[in-house]
Amino acid sequence: MGQDLVGYRIDSEDRILFVSHNWLKFANRNGAPNLNGDIVIGRSLWDFVAGKETRYLSSLLFATARANQRTVSFSFRCDSPTCRRYARLSVAPLPYNGLEVSSETIREDIRPYIALLDPRVSRSGEFLTICSWCKRILLAGGEWAEVEVAVSRLDLFGMSLLPQLSHGVCGECMGKIDAECDIDSSS
Ligand SMILES: [Zn+2]
């Protein structure tokens, strides 16, 4: 499974230069069915990154890779409704301040279908926050829980309209990214 690399390259202004066939296939499977190479090439990457914290942390990884001219990497989850997918994101410097972003699937666990993660399911006006990186859900009281736990805790089974998901970043992922980027979060 280690060769399952999906990726894209951006220039010094974060414009998309290249997307791999695998990456587009992955985006299409995961709720962005209208993406194709003709649409994304030349566009700013940031047109396709949702959530303020996710954008911030991605830009932090990019800045570190560029400033230190080294590959930075970060473990994350890119789950689908029926699969827990453990993956690793790597951001590698390219000449002229470009970057190559790739992700590698480390492990996949099949699980029973989770409607909350299915982009085709109808949604209410309510919102739940999901961590973009570890895919845990924020519960009342500030606890981040695995999606199965959240669904049961929030009693979402059989609900006719599920809440929408808004993207955030949990404290644990924030701290790990700060550490990878050599940022002292206590200062
Ligand atoms: Zn997280």
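A residue is termed buried here when its relative accessible area is under 20%, exposed when over 50%, and partly exposed in between (1.4 Å probe, protein chains only). The model is predicted, and local features accordingly need pLDDT of at least 70 and side-chain atom pairs count only at pLDDT 80 or more, whereas totals for chains, interfaces and linings use all residues. Residues are numbered from 1 along each chain as its sequence is written, and side-chain values use heavy atoms, with hydrogens and water left out.

The zinc ion is bound through the SG atoms of Cys131, Cys134, Cys170 and Cys173, which lie 2.3 to 2.4 Å from the metal; donors are N, O and S atoms within 2.8 Å of the metal (3.2 Å for Na, K and Ca), and sites may look incomplete because water is not among the atoms. The four donor atoms subtend angles of 102 to 116°, and the site is tetrahedral, a class that requires all angles among four donors to lie between 85 and 135 degrees. For four tetrahedral donors the ideal angle is 109.5 degrees. The donor residues follow the spacing C-x2-C-x35-C-x2-C in sequence. Distant parts of the chain are linked by cysteine 134, in the loop between β6 (123–131) and β7 (137–138), and cysteine 170, in the loop between β9 (162–168) and α5 (171–180), 36 residues apart. Helices (H or I, at least four residues) and strands (E, at least two) are DSSP runs, numbered from the N terminus. Cysteine 134 is buried, at a relative accessible area of 15%, and cysteine 170 is buried as well, at 1%.

A nonpolar core is a set of buried Ala, Val, Leu, Ile, Met, Phe, Trp, Tyr and Cys residues joined through side-chain atoms within 4.5 Å. The largest such core comprises 35 residues, and Phe62, Val91 and Trp133 have the most contacts inside it. Helix α3 makes the greatest contribution, five residues. Tryptophan 133 touches, among others, Leu57, Leu61, Phe74 and the zinc donor Cys173, where contact means heavy atoms within 4.5 Å. A second, separate core of 13 residues includes Leu116, Ala150, Leu156 and Leu162.

The buried residues of α3 include Leu57, Leu61 and Phe62. Its 17 residues should span 24 Å at 1.5 Å a residue, and the end C-alpha atoms are 24 Å apart, in agreement; the expected span is 1.5 Å times one less than the number of residues. Just after α3, glutamine 69 takes a positive phi of about 50°.

Terms used
Tetrahedral: all angles 85-135°; square planar, octahedral: opposite > 155°, others 65-115°. Lists of a residue's contacts leave out its neighbours within four places in sequence.
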